[in-house]
Amino acid sequence: DSSSPDPSSRTSASPEGQTIIRAFLFDLDGTLVDTERLWVGAAEDVLCDIGHPISHAEAVALVYGRGWSQIRKEMLAAHPDAFADGAGLERRMGAAFDRRKGSTDIRIHGSIALLKRLAAEHPVAVVSGSSRRLVEEMLQLAGVEGDVRLIVATDDTPRGKPDPAPFLIAAERLGVPPEACVAFEDSTAGVRSARAAGMAVVALRRDGTPPQDLSEANLVLGDLGE
């Protein structure tokens, strides 16, 4: 989109005025792997099992563009008598997710190829609202576990996206100023989180996914391979 602001406009510059990008930060769910549709199905399965079935549209609204902490909070609030605690809900959701994940290729190949190209010369981090265990599992599935220098998961930050904390933590741990980072995201909350952290953002909008407000991104693409 030629009308989109240049992602370099918010990055640091050398004395010669050239942009210096020093690190690249990727969201996981919906950006590197298409896990969100599996979580939609898992939520449908779990709630049906406890006698509180929801429609597919309701499950999509519950899951898409949101971190696990938000999903867990809403499910526990809506069904306080169905789960002993958050850990119990997480176990049931994880089991339902595992039953579904072997049935389809959830890798987003253009994004994975881009991560590998960037990681050959720059530090790359994954900043996700999922648990560290799941992030590590998904990076292994995607074949990029050796390319990612840093993971910031929901376990690592007191506040999730759209708060800037996850991206600020990643920049600090990489030793790179936020303005020298580019973030890749696919959700409204993720884009707002990275922008609030002072980073340029490239957003992924894939065909067939629920609409997200990506207007704050510097650039929006249908495939990060572009």
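Two residues are in contact when heavy atoms of theirs lie within 4.5 Å of each other. Keep that in mind for the tour. The model on screen is predicted.

**Stop 1: Val-127**

Select Val-127, in strand E2. Is Val-127 buried or exposed? Its relative accessibility is 0%, so Val-127 counts as buried. Now show what Val-127 touches, leaving out residues up to four places away in sequence. You should find Leu-25, Phe-26, Asp-27, Leu-28, Val-152, Lys-161, Pro-166, Phe-167 and Ala-170. Next, draw a distance to Trp-39. The two residues are 88 apart along the chain, and their C-alpha atoms are separated by 18 Å.

**Stop 2: Phe-26 and the cores**

Move to Phe-26, one of the contacts of Val-127. Phe-26 also touches Thr-31, Leu-32, Ser-111, Leu-114, Leu-115 and Leu-118, among others. Val-124, Ala-125, Val-126, Phe-184 and Leu-224 are on its contact list too.

Phe-26 belongs to the largest nonpolar core, which has 50 residues. Which residues have the most contacts inside this core? They are Phe-26, Met-93, Leu-139 and Phe-184. Colour helix H1 as well: H1 supplies the largest share of the core, 7 residues. Then pick Leu-25, Val-176, Val-191 and Leu-214. They are among the 23 residues of a second, separate core.

**Stop 3: helix H5**

Select residues 109–119, which form helix H5. Its buried residues are Gly-110, Ser-111, Ile-112, Leu-114, Leu-115 and Leu-118. Look at the spacing as you turn the view. An α-helix has 3.6 residues a turn, so residues three or four places apart point the same way. Now bring up the surroundings. The cover over the buried residues of H5 includes strands E1, E2, E4 and E5, together with helix H6.

**Stop 4: helix H7**

Go to residues 165–174, helix H7. Why is H7 described as largely enclosed? Because 7 of its 10 residues are buried. They are Ala-165, Pro-166, Phe-167, Ile-169, Ala-170, Ala-171 and Leu-174. Strands E1, E2, E3 and E4 are part of what covers them, and so is helix H8.

Zoom in on Ala-165. It counts as buried because its relative accessibility is 8%, under the 20% cut-off. Beyond its neighbours within four places in sequence, Ala-165 is in contact with Thr-157 and Arg-159. Ala-194 is 29 residues away in sequence, yet the C-alpha atoms of Ala-165 and Ala-194 are 8.9 Å apart.

Now step past the helix to Gly-175, which follows H7. Its phi is positive, near 75 degrees. Most residues other than glycine have a negative phi, and most peptide bonds are trans.

**Stop 5: the loop between E3 and H7**

Select Pro-162, in the loop between E3 and H7. Look at the peptide bond leading into Pro-162 from Lys-161. This bond is cis, with omega near 15 degrees.

Pro-158 lies in the loop between E3 and H7 too. Pro-158 is exposed, because its relative accessible area is 69% and the cut-off is over 50%. From here, draw a line to Pro-80. The C-alpha atoms of Pro-158 and Pro-80 are 23 Å apart, with their places 78 residues apart in sequence.

**Stop 6: Val-60**

Find Val-60 in helix H2, residues 56–63. Val-60 is buried, with a relative accessible area of 18%. Setting aside neighbours within four places in sequence, Val-60 is in contact with Val-40 and Pro-210. Glu-36 is 24 residues away in sequence and 8.6 Å away in space, C-alpha to C-alpha.

**Stop 7: the cysteines**

How many disulfides does a search of the whole structure find? It finds 0. Select Cys-181, which is buried with a relative accessible area of 0%. Then select Cys-48, which is partly exposed at 48%.

**Stop 8: the largest pocket**

Finish with a surface view. Rolling a probe the size of a water molecule over the atoms shows where empty space is left. The largest pocket holds about 470 Å³ of space. Its lining has 33 residues. Which of them lie nearest the centre? Select Arg-66, Gly-67, Trp-68, Gly-129 and Ser-130. Helices H1, H3, H4, H6 and H8 each give two or more residues to the lining. H3 gives the most, with 4 residues. Colour the lining by type: 10 residues are nonpolar, 14 are polar and 9 are charged.

Conventions: Residues numbered from 1 in each chain as written. Predicted model: local features only at pLDDT ≥ 70, side-chain atom pairs only at ≥ 80, totals over all residues. Heavy atoms only, no water. 1 Å grid on protein atoms, 1.4 Å probe; cavity = no way out; pocket = protein on both sides within 12 Å on 5 of 7 lines; lining within 4 Å. Points joined across faces, edges and corners; volume = space filled by probe spheres on them. Nonpolar A, V, L, I, M, F, W, Y, C, P; charged D, E, K, R; others polar. Disulfide = S-S within 2.5 Å. Buried < 20%, exposed > 50% of the residue type's maximum accessible area, 1.4 Å probe, protein only. Core = buried A, V, L, I, M, F, W, Y, C linked by side-chain atoms within 4.5 Å.
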